[in-house]
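Biologist: I am new to this structure and would like a careful, close look at a single part of it. Please choose a residue inside one element, and work outward from there to the elements beside it.

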Amino acid sequence: MAGWNPDYSVNVAPLDDQHKMLFRLIDDLGESIRQGKSESLGTTVIELDNYTLYHFITEERLLESYGYPGLERHRKEHEKFAASVKEFKNKLAQDNSTLSMDILNYLQNWLKNHILVTDKKYSSYLNEKGLY
Ligand code: FEO
């Protein structure tokens with residue numbers, strides 16, 4: 001998929017950096033699926049699972065520390081996605097043919113929509129607090 005581009009910027013550098021990494025990991029996943037590399041597929045899903053949790057915790061803690069009013073709804077979206085990634089990871093551990101392009105598309109679309117719609121909502125709030 002096309003990777004991160006400035007349209008996805010939330011105007012807070014550390015969070016943009018983490019989003020770039022998530023795009024990269026999902027891209028790597030796509031490459032592994034296309035090339036049928038089951039070993040790197042397993043490793044990348046584990047990495048994606050870990051990094052997703054790391055990013056969500058970072059973002060939520062930041063929003064919490066700045067008293068962001070939309071945090072609870074935001075957190076619920078994170079929880080749903082984290083559960084999906086975990087489910088894919090567990091399925092893959094049992095049968096590495098289960099991670100299809102459909103699942104990859106789901107991951108890509110979720111990430112894009114979440115950043116463009118939900119994450120973007122905190123940009124101006126954090127910027128007004130002096131965070132870039
Ligand atoms: Fe950047 Fe809400 O995930």
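**A buried residue and the helices beside it**

Modeller: Glutamate 59 is buried, with a relative accessible area of 0%, where buried stands for under 20%, exposed for over 50% and partly exposed for what lies in between, with a 1.4 Å probe and protein chains only. This is a predicted model, in which local features need pLDDT of at least 70, side-chain atom pairs count only at pLDDT 80 or more, and totals for chains, interfaces and linings use all residues. Residues are numbered from 1 along each chain as its sequence is written, and side-chain values use heavy atoms, with hydrogens and water left out.

The element that holds glutamate 59 is helix H2, which covers residues 38–65; helices here are DSSP runs of H or I with at least four residues, numbered from the N terminus. From glutamate 59 one can reach across to glutamine 18, since these two residues stand 41 positions apart in sequence and yet have their C-alpha atoms 9.6 Å from each other.

Beside H2 lies helix H1, made of residues 13–35, and the axes of H1 and H2 come within 10 Å and cross at roughly 160°; axes are lines fitted to C-alpha atoms over the stretch in contact, with angles from 0 to 180 degrees between N-to-C directions. That crossing angle makes H1 roughly antiparallel to H2, a label kept for angles over 145 degrees, as roughly parallel is for angles under 35. In the contact of H1 with H2 there are 13 nonpolar, 8 polar and 3 charged residues, counting Asp, Glu, Lys and Arg as charged, Ala, Val, Leu, Ile, Met, Phe, Trp, Tyr, Cys and Pro as nonpolar, and the others, Gly among them, as polar.

Another partner of H2 is helix H3, which runs over residues 71–94, and here too the axes come within 10 Å, with a crossing at roughly 170°. The pair H2 and H3 is therefore roughly antiparallel as well. Divided by class, the contact of H2 with H3 holds 12 nonpolar, 4 polar and 7 charged residues.

With helix H4, by contrast, H2 packs at an angle of about 20°, and the axes of these two helices are 12 Å apart, so that H2 and H4 are roughly parallel to each other. H4 comprises residues 101–128, 28 residues in all, and spans 40 Å from its first C-alpha to its last. Along the way H4 bends by about 45° at aspartate 119, the bend being the angle between axes fitted to the seven residues ending there and the seven starting there. After H4 comes glycine 130, with a positive phi near 95°.

Two residues of H4 help to place that helix among its neighbours. Isoleucine 115, which sits in H4, is buried with a relative accessible area of 0%, and its C-alpha is 11 Å from that of glutamine 18, although their positions lie 97 residues apart along the chain. Glutamine 18 thus links back to the starting point, because buried glutamate 59 has its C-alpha 9.6 Å from that of glutamine 18. Tyrosine 106, which is also found in H4, counts as partly exposed at 33% relative accessibility, and the C-alpha atoms of tyrosine 106 and serine 84, 22 residues apart along the chain, are separated by 9.7 Å.

To finish, it helps to return to the beginning of H1. Alanine 13 lies in H1 and is partly exposed, with a relative accessible area of 41%. The C-alpha of alanine 13 is 8.9 Å from that of leucine 131, a residue 118 positions away along the chain. In the segment before H1 stands asparagine 11, whose phi is near 65°, a positive value in a residue other than glycine. Asparagine 11 is partly exposed, its relative accessible area being 41%.

Definitions and conventions:
Parallel < 35°, antiparallel > 145°, perpendicular 65-115°, else oblique. Expected span 1.5 Å × (residues − 1).
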